[in-house]
Structure formats: structure tokens, C-alpha cells
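Reader: Before I plan anything at the bench, I would like to understand one part of this model properly. Could you choose a place where two elements meet, look at it closely, and then set it within the rest of the chain?

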Amino acid sequence: MKSKKIIKITKWIWITAVIIGGGYYIINNWDKMIQYFNLIPTKNLFYSALFLLAGKLFLVFFSKIAVEKENHVLPYWHAFRIVSITQLGKYVPGGIWHFVGRYNAYHDQNLTIKKSTRALISENVWLLSGALVIGSLFGIFSQLGQNILLQLNLPLSPFLLYVYAGVIIGAWIVGLVVYEWFFINKKIAFNLLDFIKLILIQFATWVLLGISFSFVLPDLQIQMLPNTIFGYSISWVVGYIMIFAPGGIGIREGALVWIFSGLFPTEEIIIYSTVHRFLFVVVEIVLGSIAGIQNSKQKLFNSNTQPDQIKSEN
């Protein structure tokens, strides 16, 4: 009983720290953001936030699928609550608290330590590999990506570009199949339809997030989309793996400045990346708040129905 009370107190401390961390970022950057936001049309900001929201909702599937690979059914909106609340932990200094929160959430689903750990690893393997591979695929057919290929002294031709893309896709698929077979669960038969669904979710996620970033750039054009999907996906990976920076703040933006320096002046891309980061934080806080309200309602519902169940059993 005492240990449960300690866990409950710890969770509330963690949630409070998350809210303070996210709120501090918004308040600390408010004046700068007002100035930057005035440079971008309001409708573009709205569409950017809308596509960000869609991309974040697709990200929930990675958590849902990772848990289900461990023979545990997890409804989408339950996974949504877990992801939306725990993801705010990355803004708490230390860079690992969203991992801790996610692990505890999986453990609360009655997954064993081994299964919780494996679900967390699977989720991150899919996230990082998907962002890297899909970003690279769009990069191969983008101006920014081809500039990097030229800097690496790799030959470019329409045929070779498709060869590079085929090699990347083939290596990725083989890697995911090997990972699933040897590290997730050998006893579960490989399901081709589930695997294809995972690949499609990956594409949808990073395309949506890349489009979101394109809306904060000037003169949005279809031709720019491969550049933005490439640049955003790769910069996201860089920011994600730098766990010492809460939420990758500053790291992702620095990567965006470096990647897009061939298309925009440094001062401009700093503004665009900062605006998009602000939108990103706001969307995450909104989703976290919705998830928190849902969580509270669910707990209230459970507490109200439990006494009735006990009476009916007696």
C-alpha cells in the first residue's frame, strides 16, 4: 500500500515537472515568437499545426503496435493517452524522462519488465529507422539531398538515383524483418499485412510532418516537398538521439539550419525552424492536455463502476 502511494506521488511530481517545463519554454520565447509569427500568414500557421497534429496522431500507432507485438491488446485511444502524456517528459531536463514515463505506462498495462523494455526498444527502432530511411528516400530526389550526394562524390543520374533508393528500401525492409524475427518474438508467425501497414504508417507520419514544416516556409511549392520531408526527417533524428537536450530543442533547429542553408539565408531558416518548434510544443501540450482529461474521466468512470460490480458479485 505504501509503495503504491509513493508511485502515485512520484507520477504527480513528474506531471507537474512536465507542465512547468513546457510552460517555461512557451513563456520564455513568447516575445520572440510574436515577432516571428507576424512574418508568416495565419492560414499557413494553421495548416502547419493541422499537419503536425495529423503526424502526431500517426506516431501513436508505433506505441500501439509495439505493445501488441508483445501479445497485449492496446486500443488506439488508450495508446494515445500513453503517448500524449509521456511525450511531454522530454522537455524535463535530463532527456530521458519520456522514456521512463513510457516504460512505466507499459508496465502499468501488466507487461513484464522484459516485454515493456522490448516494446520501448521496438518503438524507437521503428521511429528512428523510419525517419532516417524515408527522409533519405525523399532526399535522393530533392535538390538538397543531391547536393549532399555530390559533396560525397557519388555519381548522379536518373538511373542511379533509383538504384540508391532501391538499395535503401531493400536494406530497411530486410533489417526490419530480421529485427522482428530475432528480437521481438520468434513464436509469432510473420504477418505480411501487418508489416506493410507498419511501412505505410511510417510513410504517412514523416510525409505529414515534412509537409507541416513546408507551410512555415515562404512560397510553398510542390517541388519543395521532397526538400522539406528530407530536411525535417533527418533533423528530427539528430534532435531525438541527442538526449542531453530536452526535446532536442536547439539541436533539431541547428540541423535544419545546416540542411537548408543551400536554399535560404541562415537568419531566415532560424526564424522558420523556431516558429515550427513553437507550434510543435503547443500541439504536444494540447494533445497532452486532452489525454490527461481523458485519463481523469476514465479513472472517474472506473471508480464509479467498481462499487456496483462489487455489489453485483455479492
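Author: A helix here is a DSSP run of H or I with at least four residues, a strand is a run of E with at least two, and both are numbered from the N terminus. With that meaning, this predicted model has 12 helices and 0 strands, and the order along the sequence reads α-α-α-α-α-α-α-α-α-α-α-α.

The part I have chosen is the crossing of helix H6, which spans residues 113-140, and helix H9, which spans residues 192-214. Their axes come within 9 Å and cross at roughly 65 degrees; because angles of 65 to 115 degrees count as roughly perpendicular, that is the term that applies to H6 and H9. The crossing in which H6 passes H9 is right-handed. On the H6 side the contact is made by Trp-126, Leu-127, Gly-130, Ala-131, Ile-134, Leu-137 and Phe-138, while H9 contributes Leu-198, Gln-202, Phe-203, Trp-206 and Val-207. Sorted by class, the residues of this contact are 10 nonpolar and 2 polar, with no charged residues. When you read those two lists, it helps to remember that an α-helix has 3.6 residues a turn, so residues three or four places apart point the same way.

Helix H9 also holds Ser-212, which is worth following for its partners elsewhere in the sequence. Ser-212 counts as buried because its relative accessibility is 0%, and the limit for that class is under 20%. Apart from neighbours within four places in sequence, Ser-212 is in contact with Ser-48, Phe-51, Leu-52 and His-276. The C-alpha atoms of Ser-212 and Ala-49 are 6.8 Å apart, although 163 residues separate the two along the chain. For the chain as a whole, 74% of the contacts with a separation of 6 or more are between residues 24 or more positions apart.

Just ahead of H6 in the sequence is the loop that follows helix H5 (97-108), and Asn-110 lies in this loop between H5 and H6. Asn-110 has a phi near 70 degrees, which is a positive value in a residue other than glycine, and its relative accessible area of 70% makes it exposed. Asn-153, in the loop between helix H7 (143-151) and helix H8 (158-184), likewise is not a glycine and has a positive phi, of about 60 degrees. Asn-153 is exposed as well, with a relative accessible area of 69%.

Two other helices show the covered side of the model. In helix H11 (residues 251-260), 7 of the 10 residues are buried, so the rest of the structure largely encloses it; the buried ones are Arg-252, Glu-253, Ala-255, Leu-256, Val-257, Ile-259 and Phe-260. Helix H4 (residues 76-86) is mostly covered, with 8 of its 11 residues buried, among them Tyr-76, Phe-80, Arg-81 and Ser-84. Across the 314 residues of the chain, 45% count as buried, and the chain exposes about 16,900 Å², of which carbon and sulfur atoms supply 69%.

How values were computed
Residues numbered from 1 in each chain as written. Predicted model: local features only at pLDDT ≥ 70, side-chain atom pairs only at ≥ 80, totals over all residues. Heavy atoms only, no water. Buried < 20%, exposed > 50% of the residue type's maximum accessible area, 1.4 Å probe, protein only. Axes fitted to C-alpha atoms, helices over the stretch in contact; angles between N-to-C directions. Parallel < 35°, antiparallel > 145°, perpendicular 65-115°, else oblique. Left-handed = near helix turned anticlockwise from the far one by under 90°. Contact = heavy atoms within 4.5 Å. Nonpolar A, V, L, I, M, F, W, Y, C, P; charged D, E, K, R; others polar. Areas by Shrake-Rupley, 256 points an atom, 1.4 Å probe, with all protein chains shown as cover.
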